[in-house]
Amino acid sequence: MVPTPLTVRAPAKVNLHLGVGDVRPDGFHELVTVFQALSLHDDVTLTPADALTLHVTGEGVRDVPTDPTNLAARAVVALAERYGRDPNMRIDIAKGIPVAGGMAGGSADAAAALLGAATLWGLDIGRGELDEVAATLGSDVPFSLHGHTALGTGRGERLIPALARGEFHWTLALAREGLSTPAVYHELDRLREAGDPPRAGSPDELLAAVASGDPHRLAPLLANDLQAAALSLQPGLRRTLRAGLEAGALAGIVSGSGPTCAFLCASAEDAVDVGTELAGAGVCRTVRVASGPVPGATVVP
Ligand code: ATP
């Protein structure tokens, strides 16, 4: 018997490398990315009920839909349809991941809901089948299931685990306003039509740096093709990035499509110091410290 309610924890991600290729015929961009899962997380609790309902608390709750468009609800419905189950349940989401922050918060909730529903229903399926459903829900959902550090290709949904030694320490500057991921991709397309902004290139050196566990080696290799577009839409982020470096971070980067800025620090103590300085500088809404890599979606005992 699976104890209910059942809680699944799923991590935020940062893209250490995000190379955006050309637009494919299906409208998606071809990506080469290196994800790292961070200790910032959402908790999704599932309780069997007579109807499918959603309740959201925590970070950015006003901007999270509580109707069937919520990615956690879509995950439960997709899995129920595929395996002939009853999707009725109460879904409680405790958000710790910033909403529309470029940290895959919705994807984390979808991954947590998938693993939770599969566990609740006792589905005898492997990670491969869960991955297939995950990829239909969003490009980042398979990574949210797997966590750790991984190379992603295609839309980011095809994953190869990457070796990471030790622990990396991050300070995250959360922005006042979110950014829509499609809007950031459109802005990148516009910038590329107008000129030829530099591209991230190959992630090979960065993968070697991650495997070495040396944050000083990793820092200059962080790269994000979406950063120019995010800065173009929210120019104030330049100040945030500058403030993090001045506070002693080894490097700062816009996380995914932004606007969260992620700062790589030399130690856990440095990450706290950088966070304190950033909070005092008034260049962001709030700060968090986090470390990575951490596992993907996990049932909380
Ligand atoms: P990514 O990094 O994967 O591009 P993001 O972290 O920038 O995404 P999300 O927090 O996933 O952005 O939210 C994007 C939008 O998705 C939100 O504005 C919200 O309307 C919608 N959404 C649907 N379900 C959820 C959910 N469970 N949590 C947060 N947002 C959700």
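The exercises below walk through the ligand site, the pockets and the unusual backbone geometry of one predicted model.

Residues are numbered from 1 along each chain as its sequence is written. In this predicted model, local features need pLDDT of at least 70, side-chain atom pairs count only at pLDDT 80 or more, totals for chains, interfaces and linings use all residues, and side-chain values use heavy atoms, with hydrogens and water left out.

**Exercise 1. Describe the surroundings of the ligand and its backbone contacts.**

Step 1. Begin with the shell, where a residue is near the ligand if one of its heavy atoms lies within 4 Å of it. There are 21 residues around the ligand, and those that come nearest are Gly 102, Ala 104, Gly 106, Asp 109 and Asp 140.

Step 2. Sort the shell by class, with Ala, Val, Leu, Ile, Met, Phe, Trp, Tyr, Cys and Pro as nonpolar, Asp, Glu, Lys and Arg as charged, and the others, Gly among them, as polar. The shell then divides into eight nonpolar, eight polar and five charged residues.

Step 3. Look for polar contacts, meaning pairs of N or O atoms within 3.5 Å. A backbone N or O atom of Gly 102 lies 2.7 Å from an oxygen atom of the ligand, and one of Leu 71 lies 3.0 Å from a ligand nitrogen atom. For Gly 105, a backbone N or O atom is 3.4 Å from an oxygen atom of the ligand.

Step 4. Consider the cover, using accessible areas from the Shrake-Rupley method with a 1.4 Å probe. On its own the ligand has 610 Å² of accessible area, of which the protein covers 79%.

**Exercise 2. Find the two largest pockets and state what lines each of them.**

Step 1. Fix the term: on a 1 Å grid over the protein atoms alone, a pocket is an open set of points where a 1.4 Å probe fits, with protein on both sides within 12 Å along at least five of seven lines, and lining residues have an atom within 4 Å of a point.

Step 2. Take the largest pocket, which is the space taken by the ligand and has a volume of about 1000 Å³. Its lining has 44 residues, and Ser 107, Asp 140, Thr 181, Pro 182 and Ser 257 lie nearest the centre.

Step 3. Ask which element, taken as a DSSP run (helices H or I, at least four residues; strands E, at least two), gives the largest share of this lining. Helix H5 (181–194) supplies that share, with five residues, whereas helix H2 (residues 105–120) gives the most to the shell around the ligand, with four residues.

Step 4. Turn to the second largest pocket, with a volume of about 280 Å³. Among its 16 lining residues, Gly 60, Asp 63, Val 99, Arg 176 and Arg 285 lie nearest its centre, and by class the lining has six nonpolar, four polar and six charged residues.

**Exercise 3. Locate the backbone features that depart from the common pattern.**

Step 1. Recall that most residues other than glycine have a negative phi, and most peptide bonds are trans.

Step 2. Examine Ala 104, which has a positive phi of about 65° although it is not a glycine and lies in the loop between strand S4 (89–95) and H2.

Step 3. Check the prolines: the bond from Gly 258 to Pro 259 is cis, with omega near 5°, and the bond from Gly 292 to Pro 293 is cis, with omega near 0°.

Definitions and conventions:
Polar contact = N/O pair within 3.5 Å; in protein donor to acceptor, adjacent residues only side chain to side chain. Sits in = over half its atoms within 2 Å of the grid points. Points joined across faces, edges and corners; volume = space filled by probe spheres on them.
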